[in-house]
Amino acid sequence: MDPQEMLACFEILSRKKKELKGELKNIEDELSSYEEGVMTYFEKNGIQNIKKNGMTIFLKRQLWAGKEEGITGAEAVEALKEAGLDDYIGPSTQGLSAYLRELDANGEGIPQELQGKIKLTEKITISTRGS
C-alpha cells in the first residue's frame, strides 16, 4: 500500500471513528433515560435479573470505600494503620474497596478500627451480559 492509500484509509477510518463516537454517546444518553424505570420495575417486582432476547439484564451492586464525612485523610490513615491495613494506604481506594467487598461477601463487617472513619457506599446500577 502506497503512502497516499494509507493516508486515505487513515482519514476514512478517523471520520468513521468520530461518527461512531457520536452515535455511541446518543445511545448511552438514551439508555440512561430508561435506567431509572428499569430499576424501579426490578425493585417493585423483586427481580435481580431477567433474560431478554438472549441478553441478561441485571442489578449490579458495587461497594466503594471512602472516608466518613468530617474525617481527615490523616485520621483515615491512622485507622488503617490501627487495623493493620497499611497496604491500603495510598491515593486510591480501589484496593481497600476490594478488600471490604470481600469481607462483605463473607458476611463480615468493616473492622472495628475503621468504624466511624471509613464508610462503604453502595451503588446499584443496571448492567447487561450476553449477546
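A salt bridge here is a side-chain nitrogen of Lys or Arg within 4 Å of a carboxyl oxygen of Asp or Glu. The legends below describe a predicted model.

**View 1. Glu122 and Arg61 join up across two strands.** The side chains of Glu122 and Arg61 meet in a salt bridge, at 2.4 Å from N to O. Glu122 belongs to strand β3 (residues 118-130) and Arg61 to strand β2, so this pair ties together parts that are 61 residues apart in sequence. Glu122 is partly exposed, at 46% relative accessible area, and Arg61 counts as partly exposed at 46% as well. There's a third partner to look for too: Asp104 is linked with Arg61 and Glu122 in a network of salt bridges. Across the whole structure, a search finds four salt bridges.

**View 2. The whole protein, for orientation.** Step back for a moment and you'll find three helices and three strands. Starting at the N terminus, the elements come in the order α-β-β-α-α-β. Along the principal axes, the C-alpha atoms fill a box of roughly 65 × 45 × 25 Å. The radius of gyration is 22 Å, while a compact globule of 131 residues would have one near 14 Å. Just 18% of the 131 residues count as buried. The protein exposes about 10000 Å², and carbon and sulfur atoms supply 52% of that area. Now take the contacts with a separation of 6 or more: 66% of them are between residues 24 or more positions apart.

**View 3. Two salt bridges along helix α1.** Side chains of opposite charge can pair when their charged atoms come close. In this view, Glu11 and Arg15 meet through their side chains in a salt bridge of 2.3 Å, N to O. Both residues sit in helix α1, four residues apart, or about one turn of the helix. Glu11 is partly exposed, with a relative accessible area of 35%, whereas Arg15 counts as exposed at 52%. Further along the chain, Asp29 and Lys25 make a salt bridge of their own, at 2.9 Å from N to O. Asp29 and Lys25 are four residues apart in helix α1, so about one helical turn separates them. Asp29 counts as partly exposed at 38% relative accessibility, and Lys25 is partly exposed at 44%.

**View 4. A nonpolar patch on the surface.** Which residues form a nonpolar patch on the surface? They are Leu24, Ile27 and Leu31, with about 290 Å² of accessible area together. Ile27 has its place in helix α1, which covers residues 3-45. Is Ile27 buried or partly exposed? Its relative accessible area is 43%, so Ile27 falls in the partly exposed class, between the 20% and 50% cut-offs.

**View 5. The largest nonpolar core, and another one apart from it.** The largest nonpolar core has 11 residues in all: Ala65, Ile71, Ala76, Ala79, Leu80, Leu85, Leu96, Leu100, Leu103, Leu114 and Ile118. The elements giving two or more residues to this core are α2 (73-82) and α3 (94-105). Another core, of five residues, lies apart from it, with Met39, Phe42, Leu59 and Ile126 among its members. Zoom in on Leu100 and, leaving aside its neighbours within four places in sequence, you'll find it in contact with Ala65, Pro111, Leu114, Ile118 and Leu120.

**View 6. Thr56, buried in strand β2.** Thr56 has its place in strand β2, which spans residues 55-67. Why does Thr56 count as buried? Its relative accessibility is 13%, and buried means under 20%, so Thr56 makes the cut. Setting aside neighbours within four places in sequence, what is Thr56 in contact with? The partners are Asn49, Ile50, Lys51, Ser127, Thr128 and Arg129.

**View 7. Cys9 and Gly90, a long way around.** Cys9 lies in helix α1 and counts as partly exposed, at 36% relative accessibility. How far apart in space are Cys9 and Gly90, C-alpha to C-alpha? The distance is 45 Å, and the two are 81 residues apart in sequence.

Methods. Residues numbered from 1 in each chain as written. Predicted model: local features only at pLDDT ≥ 70, side-chain atom pairs only at ≥ 80, totals over all residues. Heavy atoms only, no water. Patch = residues over 30% accessible without salt bridge, like charges linked within 9 Å, V, L, I, M, F, W, Y side chains within 5 Å. Areas by Shrake-Rupley, 256 points an atom, 1.4 Å probe, with all protein chains shown as cover. Buried < 20%, exposed > 50% of the residue type's maximum accessible area, 1.4 Å probe, protein only. Rg over C-alpha atoms; globule rule 2.2 N^0.38 Å. Contact = heavy atoms within 4.5 Å. Core = buried A, V, L, I, M, F, W, Y, C linked by side-chain atoms within 4.5 Å.
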